[in-house]
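Welcome to a short set of exercises with worked solutions. Have a look at the chain below, then try each task before you read on.

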Amino acid sequence: MLAFQKAAAPAGAQTLAQSFYTCAKVFAREAEQIFYQQWLCVGRSEQIPQGGDYLLAQVLAESILLVRDKSGRARAFFNLCRHRGTRLCTEVQGHFPQAIACPYHAWSYGLDGSLLAARHMREVEGFDVADYPLHACALVEWEGFLWVNLAGDPQPFAAAFAPLLERFTPWKMTDLRLGHRIDYDVRANWKLLFQNYAECYHCSLIHPQLVKHSPDQSGCNDLWEGPFLGGYMDINPGGSLTVTGQTTRSALPGVQGENRERVYYYSLFPNVLLSLHPDYVMVHQLWPEAVDRTRVVCSWFFDPMAMAKPDFDPLDAVEFWDLTNRQDWHVCELTQQGVSSRAYTPGPYAHQEGLLAAFDREYLRMLGL
């Protein structure tokens, strides 16, 4: 049984120093020691349902090719040819009928990454196609999502995600389907978005529509240390986080009991904000573009049985959270502007910001600081 407790900040806990939000060298270090080393959510299994289907994912400076092979296994490769390094694919999504062909000199690869043919290379002494497969990276399908790790020897996913592996079973996320997606360009450091998500200290001031349906003092956490942080907040009995606070959608099939009157919010370091509602799931994927800019992909997932009904309309949830998102992004951008000032110095955390202090500890640990 999960144990929940109120957030609490340790005595003397303060916000991070300015350089962590404004320094290009710190941003480059984050890329190497965090985003190129940790498991990242890059898409959904439903985006590559059939053998030969592919999807491109941009992980900071790296383009990653996700493809499902003929046996049904999803694979991930760096998107470059082994000959001269040419980018193999430029279309974000598509289908390979037979093989992956380089547009420059037509070296062709199987869906498993093996080099099948290299024009006029037989006459090159010592050349062996077996020596030049595509550069692979680790890929795992979990809860209907595609997770990649670009490290040469990554920690196994099952070990890294051990605290979460069975935690979200009632929502049956593998069965859910995308109902809507919005991309945002936020002029703020990616950590400010994580930190904003992890507290409701600001909610009564910034989100009057949200606290009308979900009391801002109701939060309790069951994960309060490490790379995964979060817990639940109450919602009004029989309600939903929508524009009206109500919905005609039934709760997701596996969501029962007290979970029907709660929303669970978890941050999954370093690029996922996971919101589990009684009747839908919302996911934010965070992609740092620069030290002061973050691309956010927000997706809403629903029960396919509900989506098949003629009156299905996801906009009650989408419009509610689009408003809430934009309120958050605005205040994050104001914070980015403030922490960039020569007058900024770290400030103290309130107890409601206890998860922010925990995020900072994990972040600094990842950087070896």
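**Exercise 1: contacts and overall form.** Among contacts in the chain between residues at least 6 apart in sequence, what percentage join residues at least 24 apart?

*Solution.* Before counting, note that this is a predicted model, in which local features need pLDDT of at least 70, side-chain atom pairs count only at pLDDT 80 or more, and totals for chains, interfaces and linings use all residues. Residues are numbered from 1 along each chain as its sequence is written, and side-chain values use heavy atoms, with hydrogens and water left out.

- Step 1. Take a contact to be heavy atoms within 4.5 Å. With the separation of at least 6 applied, 68% of the contacts join residues at least 24 apart.
- Step 2. Compare the radius of gyration, taken over C-alpha atoms, with the globule rule of 2.2 Å times the number of residues to the power 0.38. For 369 residues the rule gives a value near 21 Å, and the chain has 22 Å, so the two agree.
- Step 3. Add the extents: the C-alpha trace spans about 70 × 55 × 35 Å along its principal axes.
- Step 4. Sort residues by relative accessible area: buried is under 20%, exposed is over 50%, and partly exposed is in between (1.4 Å probe, protein chains only). By that cut-off, 52% of the 369 residues are buried.

**Exercise 2: the partners of strand E17.** Which strands pair with E17 in the antiparallel sense?

*Solution.* Helices (H or I, at least four residues) and strands (E, at least two) are DSSP runs, numbered from the N terminus; the chain has 9 helices and 17 strands. Two strands pair if DSSP finds at least two bridges between them.

- Step 1. Locate E17 at residues 293–302; 8 of its 10 residues are buried.
- Step 2. One partner is E11 (residues 177–186), antiparallel to E17 over 9 bridges. Here His180 stands opposite Trp300 of E17.
- Step 3. Another partner is E16 (residues 281–290), also antiparallel to E17 and joined to E17 by 9 bridges. In this pairing Leu286 faces Val296 of E17.
- Step 4. Check the connection: E16 and E17 make a hairpin, with 2 residues between them.

**Exercise 3: backbone angles worth a second look.** Where does the cis peptide bond lie, and which residues other than glycine have a positive phi?

*Solution.* Start from the background: most residues other than glycine have a negative phi, and most peptide bonds are trans.

- Step 1. The cis bond joins Phe269 and Pro270, with omega about 5°. Pro270 sits in the loop between strands E14 (262–268) and E15 (272–276).
- Step 2. His120 has a phi near 60° and belongs to the loop between E8 (115–117) and E9 (136–142). His120 counts as exposed because its relative accessibility is 59%.
- Step 3. Lys172 has a phi near 45° and lies in the loop between helix H3 (157–160) and E11. At 42% relative accessibility, Lys172 is therefore partly exposed.

**Exercise 4: two helices.** How many residues of H4 are buried, and is Arg365 buried or exposed?

*Solution.*

- Step 1. In H4 (residues 190–197), 8 of 8 residues are buried, including Trp190, Lys191 and Tyr197.
- Step 2. Arg365 lies in helix H9 (residues 354–366) and, at 52% relative accessibility, counts as exposed.
- Step 3. Finally, find Gly226: its C-alpha atom is 9.5 Å from that of Arg365, although 139 residues separate them along the chain.
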